[in-house]
Amino acid sequence: MIVPPRHALRASRALAHRWLYPPRFPPSPSAAGPTVHVRPWRRADAGSLAGLLGCTECEALDWISKQPLRLNFGRSAAFAIVARDSDEIVGRVELIVRDWESGRAEVGYHVASPARGRGMATEAVGIVARWALGDAGLSRVELLTDPRNRASQRVAEKCDFVLRGERSGQELYELRATAMRNSRPSMRVESPPPS
Ligand SMILES: CC(C)(COP(=O)(O)OP(=O)(O)OC[C@H]1O[C@@H](n2cnc3c(N)ncnc32)[C@H](O)[C@@H]1OP(=O)(O)O)[C@@H](O)C(=O)NCCC(=O)NCCS
């Protein structure tokens, strides 16, 4: 009889376990700050998302329809950034899990040009990073940005991310759960307004 090596057995057991019990994000990750709230995408947002991404409404709808499954399987969590004064979608922020074992995820974001410079990206990234390291149970959130993207670097700095070095020509910032627990809360997080 051929006996598979022990590491192969361990790897297949881990795969089977992950398939049977996929890591999941906690429900209702919506949260609000003073000027924006972040919430999961809805089908009705397809037009706004198409405007943000520069794609067709059909492509945006297709992307939105895949998000609940990605969230359920713990792969990523994508949110619309909504201005509280106008209730308009001004941007997006997304958390992509790189490795559940070590609790590592990456955050990406984008705010539409007319809404920039009002602190909206900072607020939205802060909300999502805190949710990721709090309720979602991850241990570190990474943020990669072009070395020339000063606006993005400022967002990282204002959200208490620490510059760790460089990865693939990008600046690598990181926020750890341990650091977050020790720092004073820099943002008031409220319940989201009713949808
Ligand atoms: C990066 C981005 C999300 C920032 O959005 P925003 O809502 O304007 O961000 P905030 O208002 O929260 O903060 C912006 C900060 O950058 C600063 N900033 C903006 N443009 C800048 C520039 N050209 N040079 C230097 N600093 C700049 C602002 O002054 C502010 O810092 P301050 O509060 O210390 O004054 C937005 O510019 C964007 O979507 N860019 C394109 C996509 C992108 O680069 N995403 C990040 C990929 S990691």
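This passage describes the surroundings of the ligand, helix α4 and residue L52 in a predicted model. Residues are numbered from 1 along each chain as its sequence is written. Because the model is predicted, local features need pLDDT of at least 70 and side-chain atom pairs count only at pLDDT 80 or more, whereas totals for chains, interfaces and linings use all residues.

The ligand is surrounded by 18 residues, of which R116, A121, T122, R150 and A151 come nearest, a residue being near a molecule if its C-beta atom, placed from the backbone, lies within 6 Å of it. By class, six residues of this shell are nonpolar, eight are polar and four are charged, where Ala, Val, Leu, Ile, Met, Phe, Trp, Tyr, Cys and Pro count as nonpolar, Asp, Glu, Lys and Arg as charged, and the others, Gly among them, as polar. At least two shell residues come from each of β5 (104-111), α4 (120-133) and α5 (150-158), and α5 supplies the largest share, five residues; helices (H or I, at least four residues) and strands (E, at least two) are DSSP runs, numbered from the N terminus.

Helix α4 is mostly covered, with 14 of its 14 residues buried, that is, with 20 or more other C-beta atoms within 10 Å of their own, as against exposed at 12 or fewer and partly exposed in between, the C-beta atoms being placed from the backbone.

Residue L52, in helix α2 (residues 46-53), counts as partly exposed because it has 19 C-beta neighbours inside 10 Å. Although L52 and V90 are 38 residues apart in sequence, their C-alpha atoms are 8.1 Å apart in space.
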